[in-house]
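Student: I would like to go through the salt bridges of a structure and hear the reason behind each label. Please show it first.

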Amino acid sequence: MPGRPAGTQKGLEVYVDGGIRRGKDLYRALALGATACFCGRPMMWGLSVAGQQGVERVVSIFREELTTCMQLAGCADVAELRRDDVMVKHADRYDRHARL
């Protein structure tokens, strides 16, 4: 993993819950240091459309999209994801220390 997100304590796990709709969202969250991501809404969409097969298809799409993002970034494994590969617009707005 790329390490912990900026401004967090050592040993703190970060979970992203919300806003994950595509594989590229998973890539961004993991590259920025998330321990895991919750993808409930897309799974519910798949479940409501096609039951278990719909959920399996959503997982397959997430896997394909995440794999594509990783390949484009030159990463063969999730452990190779780098924070520098993600552009954050207005990053100073999210860094609480930048405002001091």
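The turns below take up salt bridges and burial.

Tutor: This is a predicted model, in which local features need pLDDT of at least 70 and side-chain atom pairs count only at pLDDT 80 or more, while totals for chains, interfaces and linings use all residues. Residues are numbered from 1 along each chain as its sequence is written, and side-chain values use heavy atoms, with hydrogens and water left out.

Student: How many salt bridges does a search of the whole structure find?

Tutor: The search finds 4.

Student: Why is the contact of Arg22 with Glu65 called a salt bridge?

Tutor: The term requires a side-chain nitrogen of Lys or Arg within 4 Å of a carboxyl oxygen of Asp or Glu. The closest N and O atoms of Arg22 and Glu65 are 2.6 Å apart, so the pair qualifies.

Student: What makes Glu65 buried?

Tutor: Buried means under 20% relative accessible area, exposed means over 50%, and partly exposed lies in between (1.4 Å probe, protein chains only). Glu65 has 18%, so it is buried. Arg22 has 43%, so it is partly exposed.

Student: How do you know that Arg28 and Asp25 are separated by about one helical turn?

Tutor: They are 3 residues apart in helix 1, which is why. Their closest N and O atoms are 3.1 Å apart, so they form a salt bridge. Asp25 is buried because its relative accessibility is 14%.

Student: Why is Asp85 called partly exposed?

Tutor: Its relative accessible area is 34%, so Asp85 falls between the two cut-offs. Asp85 meets Arg82 in a salt bridge at 2.8 Å, N to O.

Conventions
Helices (H or I, at least four residues) and strands (E, at least two) are DSSP runs, numbered from the N terminus.
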